[in-house]
Amino acid sequence: MSKSKLDLDFFKKEVYMAPKTVAIIMDGNGRWAKQRGLPRTAGHKKGADTIRTVALAAQDMGIQKLILYAFSTENWKRPEDEVSYLCKLPGLFFNKFINELMEKNIQVTFAGELEKFPKATQDVINKAVNMTSKNTGLELCLAINYGSRREMLLSIKKYADEVASGKRENDLTEEEFSKYLFVPEDIDLMIRTSGELRISNYLLWQLAYAELIFTPVAWPDFDEKALKDCLDEFASRDRRFGGLTS
Ligand code: IPE
Ligand code: IPE
Ligand code: MG
């Protein structure tokens, strides 16, 4: 029997090693705007549209959880007008795309401390989380006011309190510790856009055995094809986890 398109799709699905958990450092919005003579906020605006494109593509490509670094605990150092625009961005994003995310069965979650944001920002994020909580497709997790060191510190404090109050034994394992984190899963693939070769306080525990890809593409220009290229690269890597290739 000649190979029909369906056969090929089936074959691809069988052999293609899609990562389950993908984390992205969405970097380069400011430089993208600057190159075009635009204010940095124009880069952030375009970058928010990229979130929609990449989330839909990620779902189609079989990714289960996509974690996007949207605002770090260090980003408060930026000028006030930029921070204030970034605080408005979740509202602009969800106004535009929440219906589509619902239609596509995407579940929105977040990682980080929302309390530091203005109430309006907290409200739009919580609303999107609640509205999509029963969806069963891709989990789109926004790392927002997220810092990995802070995440670990909060987890350790919580664990120490539980031990001190007798709620649990002093018997922590690596697996158990993960459950205290905002992001409990190990990351399969981490992508950073826009050429910087650093982790910037992102998922330090969870990236222990992640494959890392650094692409020169600026986040506003990142698209389905760019994501597919990263997944192809991921599929070609030999993940040994300290062992030997079988
Ligand atoms: C990433 O783009 C978005 C955030 C950090 C919020 P940048 O704003 O860091 O853009 P560059 O790195 O200055 O180009
Ligand atoms: C990392 O990007 C944080 C986010 C993408 C939200 P930054 O642009 O803040 O990182 P650094 O300052 O270049 O390390
Ligand atoms: Mg940057």
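Which residue forms a salt bridge with Lys-65? Glu-139 does, with the closest N and O atoms 3.2 Å apart. A salt bridge here is a side-chain nitrogen of Lys or Arg within 4 Å of a carboxyl oxygen of Asp or Glu. Glu-139 lies in strand S4 (residues 139–146) and Lys-65 in strand S2 (residues 65–72), so the pair ties together parts that are 74 residues apart in sequence. Both Glu-139 and Lys-65 are buried; buried means under 20% relative accessible area, exposed over 50%, and partly exposed in between, with a 1.4 Å probe and protein chains only. Helices (H or I, at least four residues) and strands (E, at least two) are DSSP runs, numbered from the N terminus.

Before going further, please keep in mind that this is a predicted model, in which local features need pLDDT of at least 70 and side-chain atom pairs count only at pLDDT 80 or more, while totals for chains, interfaces and linings use all residues. Residues are numbered from 1 along each chain as its sequence is written, chains are lettered from A and ligands numbered from 1 in the order in which they are written, and side-chain values use heavy atoms, with hydrogens and water left out.

Let's follow the strands that this pair brings into view. S2 and S4 run parallel and pair over 7 bridges, where pairing asks that DSSP find at least two bridges between two strands. Along this pairing, Tyr-69 has Ala-143 in S4 as its bridge partner. S2 also has strand S1 (residues 21–25) as a parallel partner, joined by 5 bridges, and here Ile-24 is matched with Leu-68 in S2. S2 is mostly covered, with 7 of its 8 residues buried.

S4 has a further parallel partner in strand S3 (residues 107–111), again through 5 bridges. Val-108 has Leu-140 in S4 as its bridge partner. Between these strands, helix H5 (residues 119–131) completes a left-handed β-α-β unit made of S3, H5 and S4. The hand is read with the strands pointing away from the viewer: a crossover is right-handed if the path from the first strand over the helix to the second runs clockwise.

What does Val-124 of helix H5 touch? Leaving aside its neighbours within four places in sequence, Val-124 is in contact with Pro-90, Gly-91 and Phe-94, contact meaning heavy atoms within 4.5 Å. The C-alpha atoms of Val-124 and Phe-94 are separated by 7.5 Å, although the two residues are 30 apart along the chain. Val-124 itself counts as partly exposed, at 27% relative accessibility.

Val-54, in helix H3 (residues 40–60), is buried at 1% relative accessibility. Beyond its neighbours within four places in sequence, Val-54 is in contact with Ile-24, Leu-66, Trp-219, Phe-222 and Leu-227. Val-54 and Ala-226 are 172 residues apart in sequence, yet their C-alpha atoms are 9.3 Å apart in space.

Now turn to another pair of strands. Strand S5 (residues 189–192) and strand S6 (residues 211–214) run parallel and are joined by 4 bridges, with Ile-191 opposite Ile-213 in S6. Side chains alternate along S6: Glu-211 and Ile-213 point to one face and are buried, whereas Leu-212 and Phe-214 point to the other and are not. Phe-214 is partly exposed, with a relative accessible area of 31%. Together with Leu-197 and Leu-212, Phe-214 makes a nonpolar surface patch of about 280 Å². Patches are made of residues with over 30% relative accessible area and no salt bridge, like charges being joined within 9 Å and nonpolar side chains (Val, Leu, Ile, Met, Phe, Trp, Tyr) within 5 Å; the areas come from the Shrake-Rupley method with a 1.4 Å probe, and for residues only the protein chains shown count as cover.

Finally, back to the charged residues. Side chains of opposite charge can pair when their charged atoms come close. The salt-bridge count comes to 25. One of these joins Asp-27 and Arg-31 at 3.3 Å, N to O; Asp-27 is buried at 16% relative accessible area, while Arg-31 is partly exposed at 35%. These two residues belong to a network of salt bridges that also links Arg-192, Glu-196 and Arg-198. Another salt bridge forms between Lys-158 and Glu-162, with the closest N and O atoms 3.9 Å apart. Both lie in helix H6 (residues 148–164), 4 residues apart, about one turn of the helix.
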